[in-house]
Amino acid sequence: MKAKPYQIEALKAQIQKQYKGALIYGPDFSVTEDCAEQIIPFIVPKKDDFSFIKITKSQLKETPTLLLDEGNTVSLLGGRKLIWLKDADNTLAQAVEDYITY
C-alpha cells in the first residue's frame with residue numbers, strides 16, 4: 001500500500017492488523033520524515049534494533065542486496081519489520097521494485 005501523509009492516521013488500524021512490515025522511502029524531504037515518524041509506532045512499538053533499520057542511498061549503492069537482505073532478516077524477538085530507505089530518489093527505483101516483487 002502506498003499511503004499519503006494525510007491518510008496515515010485513518011489507516012492506523014489497517015496497518016496494525018494487515019501488515020507485517022513497512023518500507024518507507026522517498027527523497028529526504030520533511031514529508032517523508034513526517035510519514036515515517038507516524039508509521040514507526042504502528043509497526044515497531046517497542047525499540048528493537050533488528051525490527052527497525054535505516055538504509056542510506058550510499059549504503060544501498062555499496063551493497064545492492066542490502067534491502068533484500070534486511071527484508072529477509074527476522075528479529076529474534078519476532079514481530080514486524082520496518083525498513084526506512086533514506087535519501088531515496090529515482091535512481092533507487094529498481095532496488096525498491098525488486099524488493100517489492102521479491
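## Starting point: Phe 42

Let's begin at Phe 42, which has its place in helix H2. This is a predicted model, so every value below is computed from it. At 8% relative accessibility, Phe 42 falls under the 20% cut-off and therefore counts as buried.

What does Phe 42 touch, once its neighbours within four places in sequence are left aside? Its contacts are Ile 8, Glu 9, Lys 12, Ile 15, Gln 16 and Arg 80. A further pairing to look at is Phe 42 with Tyr 19: they are 23 residues apart in sequence, and their C-alpha atoms are 9.9 Å apart in space.

## Helix H2

Helix H2 has 14 residues. From its first C-alpha to its last it reaches 20 Å, close to the 20 Å expected at 1.5 Å a residue. Phe 42 has buried company here: Thr 32, Cys 35, Ala 36, Ile 39, Ile 40 and Ile 43 of H2 are buried too. An α-helix has 3.6 residues a turn, so residues three or four places apart point the same way.

And which elements do the buried residues of H2 pack against? They pack against helix H1 (12-18) and against E1, E2 and E3. One of these buried residues, Cys 35, can also be paired with Gln 7. The two are 28 residues apart along the chain, with 9.6 Å between their C-alpha atoms. Gln 7 is found in the segment before H1 and, at 28% relative accessibility, counts as partly exposed.

## The sheet

Three strands form an open sheet in the order E1-E3-E2, with parallel pairing. Strand E1 (21-25) and strand E2 (52-56) stand at the edges with a single partner strand each, so one side of each has no neighbour in the sheet. On average, neighbouring strands are turned by 15° against each other, direction ignored. Helix H2 packs on this sheet and touches E1, E2 and E3, and its direction makes about 170° with that of E3.

Strands pair through backbone hydrogen bonds, either parallel or antiparallel. E1 and E3 pair in the parallel sense over five bridges, and E2 and E3 likewise pair in the parallel sense over five bridges. Ile 83 of E3 has a place in both pairings: Leu 23 stands opposite Ile 83, and Ile 83 is also the bridge partner of Ile 53.

## Strand E3 and what follows

How many of the six residues of E3 are buried? Six of its six are, so to speak of E3 as mostly covered is fair. In a regular strand the side chains alternate between the two faces of the sheet. In E3, Lys 81, Ile 83 and Leu 85 point one way, while Leu 82, Trp 84 and Lys 86 point the other way.

Lys 86, found in strand E3, is buried with a relative accessible area of 15%. Its side chain makes a polar contact with the side chain of Glu 33, at 3.5 Å.

Asp 87 has its place in the loop between E3 and helix H5 (93-101). Is Asp 87 buried or partly exposed? With a relative accessible area of 33%, Asp 87 is partly exposed. Its backbone deserves a look as well: Asp 87 has a positive phi of about 60° although it is not a glycine. Most residues other than glycine have a negative phi.

## Nonpolar cores

In soluble globular proteins, nonpolar side chains tend to be buried together. The largest nonpolar core here has 13 residues. Which of them touch the most other members? They are Ile 8, Ile 15, Ile 24, Ile 39, Ile 43, Leu 82 and Trp 84. The elements giving two or more residues to this core are helix H2 (30-43) and strand E3 (81-86). H2 supplies the largest share, six residues.

Another core, of nine residues, lies apart from this one, and its members include Leu 66, Leu 67, Leu 85 and Ala 88. Back in the largest core, Ile 43 gives a view of the local packing. Leaving aside neighbours within four places in sequence, Ile 43 is in contact with Ile 15, Gly 21, Ala 22, Arg 80, Lys 81 and Leu 82.

Terms used. Residues numbered from 1 in each chain as written. Predicted model: local features only at pLDDT ≥ 70, side-chain atom pairs only at ≥ 80, totals over all residues. Heavy atoms only, no water. Core = buried A, V, L, I, M, F, W, Y, C linked by side-chain atoms within 4.5 Å. Buried < 20%, exposed > 50% of the residue type's maximum accessible area, 1.4 Å probe, protein only. Helix = DSSP H or I, 4+ residues; strand = E, 2+ residues; numbered from the N terminus. Contact = heavy atoms within 4.5 Å. Polar contact = N/O pair within 3.5 Å; in protein donor to acceptor, adjacent residues only side chain to side chain. Pairing = 2+ DSSP bridges. Axes fitted to C-alpha atoms, helices over the stretch in contact; angles between N-to-C directions. Expected span 1.5 Å × (residues − 1).
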